[in-house]
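Please work through the exercises below with the sequence and the structure at hand. Each task is followed by a worked solution.

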Amino acid sequence: MIPLVTGSGVLAVDVGGTTIKGAALDEGGQVRHSVVVPSRADGDPVGALRALCRRLRDEALAVGVAPAGIGVVTPGIVDEAAGLVRYASNIRFRDVPLRALVHDELGLPVAVGHDARAAGVAEAVAGAGRGLANFVLLPLGTGIAATVVLGGEPVPGTAWSAGEVGHMPVYPGGEPCSCGQRGCLEVYASAGGLSRRYLRLGGAPGLDSRAIAAAASTDPLAGEVWNAATQALGVALATLTLTLDPARIVLGGGLAEAGAQLFDPVRDALRAALAWRSAPEVVPSAFGTRAAQVGAAILARRAAGLPVPEGWGAPVPVAGRG
């Protein structure tokens, strides 16, 4: 029998195709300990996750964080109510009863969530969507998903698949996507898509999205690929604006770290695509690549019956920056 550990801290785990990121957060929502391990997508991803959860619990206790619960978020089709990952191709999960597995491992209350929807929860509670009745979050990473947040809560959809905007056709009849369609947003504007497209069009191998962004002003091909990405994002955001009328659009993930180089042309493309109405403001995520993990921590507190006051988990300002 696993002894139940009760306290006021929580554990948060963000499962990705390459790594699993874990953190222990104290009562105030600040990270006291973190760990990153390979997700072992070619080996035993469920075993890797269970081992990470055990290690994180033990190391949290060692630094004085007694966890009251744990939140685990993954990509894919996630049934939060059932605690089940129905399908996640890049981590090789299919019908994985994640809540039961983690509870059996740790004996703690467990929340299971979708990574992008969890990121939306973080932004609603303490980030760029704080205080808004509705907003849309797009984490721009290896792929692109969107989270529609209404009344502070993400919309999961009928089949837990809401927000798959990465497969929105932005260039009808355009380049093929791995999903079987053509012209998808992910082909042009995801971090992975940028790299693949640059290489496919004759660019030097080994350049990631950051390197392509850095070379956009000196390398004509990099500039072409970057411009196509920002135009595609602007078109996609216009479609979301006309469909949902969000108060704000939040861009997160690693690609958003390009700053003005991304945001300025995307805002221009969005305004140009909206002939008769004003565009919503487009702002960066408050949490960046940490948003899903902070969301997992918030879900963990809810599962444990702990309060989540507005602003919980907000980034601590660094002295000298403003």
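The exercises concern a predicted model and proceed from the overall fold to the nonpolar core.

**Exercise 1. Determine how compact the protein chain is for its length.**

Step 1. Count the secondary structure elements: the protein chain holds nine helices and 13 strands.

Step 2. Compare the radius of gyration with the globule rule. The value for the protein chain is 20 Å, close to the 20 Å that the rule gives for 322 residues, so the chain is as compact as a globular protein of that length.

Step 3. Consider the extent along the principal axes, where the C-alpha atoms fill a box of roughly 60 × 45 × 40 Å.

Step 4. Examine the contacts. Among those between residues at least 6 apart in sequence, 61% join residues at least 24 apart.

**Exercise 2. Describe the burial and the surface of the protein chain.**

Step 1. Of the 322 residues, 51% count as buried.

Step 2. The accessible surface comes to about 13800 Å², and carbon and sulfur atoms account for 55% of it.

Step 3. The charged side chains number 26 positive and 27 negative, and the centres of the two sets lie 1 Å apart.

**Exercise 3. Identify which element gives the most to the largest nonpolar core.**

Step 1. This core has 42 residues; those touching the most other members are L138, L140, V165, L185, L237, L251 and L262.

Step 2. Elements that each supply at least two core residues include β9 (134–139), α5 (191–200), α7 (220–244) and α8 (260–273).

Step 3. With twelve residues, α7 gives the most to this core.

Step 4. Inspect L185: beyond its neighbours within four places in sequence, its contacts include I144, V165, M168, A232 and A236.

Notes. Residues numbered from 1 in each chain as written. Predicted model: local features only at pLDDT ≥ 70, side-chain atom pairs only at ≥ 80, totals over all residues. Heavy atoms only, no water. Helix = DSSP H or I, 4+ residues; strand = E, 2+ residues; numbered from the N terminus. Rg over C-alpha atoms; globule rule 2.2 N^0.38 Å. Buried < 20%, exposed > 50% of the residue type's maximum accessible area, 1.4 Å probe, protein only. Contact = heavy atoms within 4.5 Å. Areas by Shrake-Rupley, 256 points an atom, 1.4 Å probe, with all protein chains shown as cover. Lys, Arg positive; Asp, Glu negative; His and termini not counted. Charge placed at Lys NZ, Arg CZ, Asp CG, Glu CD. Core = buried A, V, L, I, M, F, W, Y, C linked by side-chain atoms within 4.5 Å.
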